[in-house]
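Here is the note on the model that you asked me to read, arranged as numbered points. Please go through it with the sequence and the coordinates open beside you.

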Amino acid sequence: LRTDLTEVKSKLEQVNQLHESSLASIQAMHMQISSLTSENHHLATAVADQRKQLKEIKNKYNVQSLLIKAERKSHATKVRIATEAHRVEVEELKEEQKQLNLQLALQSTSNALKATPSKSHRQRRKKATESPSS
């Protein structure tokens with residue numbers, strides 16, 4: 001009976017040691033789980049913050065891109081309007097040049113006609129020169 005009692009005490013002590021060891025292991029795992037859970041929460045928060053920053057960066061990029069496109073379109077419109085205005089101005093200047101050339105040609109012709117005596121003027125001149133000598 002004593003042997004059985006000693007054996008039971010020995011087994012009970014082994015079970016107690018195993019229980020304490022298991023309990024320490026469970027507590028260590030619980031602490032590790034708690035630590036990992038906290039770290040996971042911090043990482044999730046960091047990822048959420050980075051996603052938010054990425055979204056803001058994308059929005060800023062999109063806004064900048066739209067502003068650049070609008071600027072290009074505005075510039076192209078201004079260039080097109082200026083080109084059209086210059087084309088019209090060039091056409092007007094060409095027309096004015098034609099008118100001036102025409103006026104110049106008419107004036108040259110008129111001056112040439114004035115400088116060249118007409119047939120009747122030549123005849124009068126001829127008679128005038130012939131009369132005094134007759």
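1. A cut-off is needed before any single residue is discussed: a residue is called exposed when its relative accessible area is over 50%, buried when that value is under 20%, and partly exposed in between. Please also keep in mind throughout that the model is predicted.

2. On the overall make-up, the protein contains 2 helices and 0 strands, and of its 134 residues, 0% are buried. The accessible surface comes to about 13,000 Å², of which carbon and sulfur atoms supply 59%. Helix α1 covers residues 2-115, and the points below stay with residues discussed in the context of that helix or of the surface.

3. Is isoleucine 33 buried or exposed? Its relative accessibility is 53%, and because this is over the 50% cut-off, isoleucine 33 counts as exposed. Isoleucine 33 lies in helix α1, and together with Ile26 and Met29 it forms a nonpolar patch on the surface, the accessible area of the three together being about 310 Å².

4. Turning to charged side chains, how many salt bridges are there by the rule used here? The count comes to 3. As general background, side chains of opposite charge can pair when their charged atoms come close.

5. One of these salt bridges joins the side chains of glutamate 7 and lysine 11, with an N to O distance of 3.7 Å, which falls within the 4 Å limit that the rule sets. The two residues are 4 apart in helix α1, so about one helical turn separates glutamate 7 from lysine 11. Glutamate 7 has a relative accessibility of 42% and therefore counts as partly exposed, and lysine 11, at 48%, likewise counts as partly exposed.

6. A further salt bridge links the side chains of arginine 87 and glutamate 84, with 2.3 Å from N to O. Arginine 87 and glutamate 84 are 3 residues apart in helix α1, which means that about one helical turn lies between them. Arginine 87 is partly exposed, with a relative accessible area of 39%, and for glutamate 84 the relative accessible area is 39%, so that residue is partly exposed as well.

7. With which residue does arginine 87 form a salt bridge whose closest N and O atoms are 2.3 Å apart, besides the pairing described in the previous point? The partner is glutamate 91, and both residues lie in helix α1, 4 residues apart, or about one turn of the helix. Glutamate 91 has a relative accessibility of 43% and therefore counts as partly exposed. Through salt bridges that share partners, Glu84, Arg87 and Glu91 are joined into one network.

8. A last remark concerns the side chains of arginine 87 and glutamate 91, which are also joined by a polar contact of 2.3 Å. When you inspect this part of helix α1, where arginine 87 lies, please read the distance as a computed value from a predicted model.

Definitions and conventions
Residues numbered from 1 in each chain as written. Predicted model: local features only at pLDDT ≥ 70, side-chain atom pairs only at ≥ 80, totals over all residues. Heavy atoms only, no water. Patch = residues over 30% accessible without salt bridge, like charges linked within 9 Å, V, L, I, M, F, W, Y side chains within 5 Å. Areas by Shrake-Rupley, 256 points an atom, 1.4 Å probe, with all protein chains shown as cover. Buried < 20%, exposed > 50% of the residue type's maximum accessible area, 1.4 Å probe, protein only. Polar contact = N/O pair within 3.5 Å; in protein donor to acceptor, adjacent residues only side chain to side chain.
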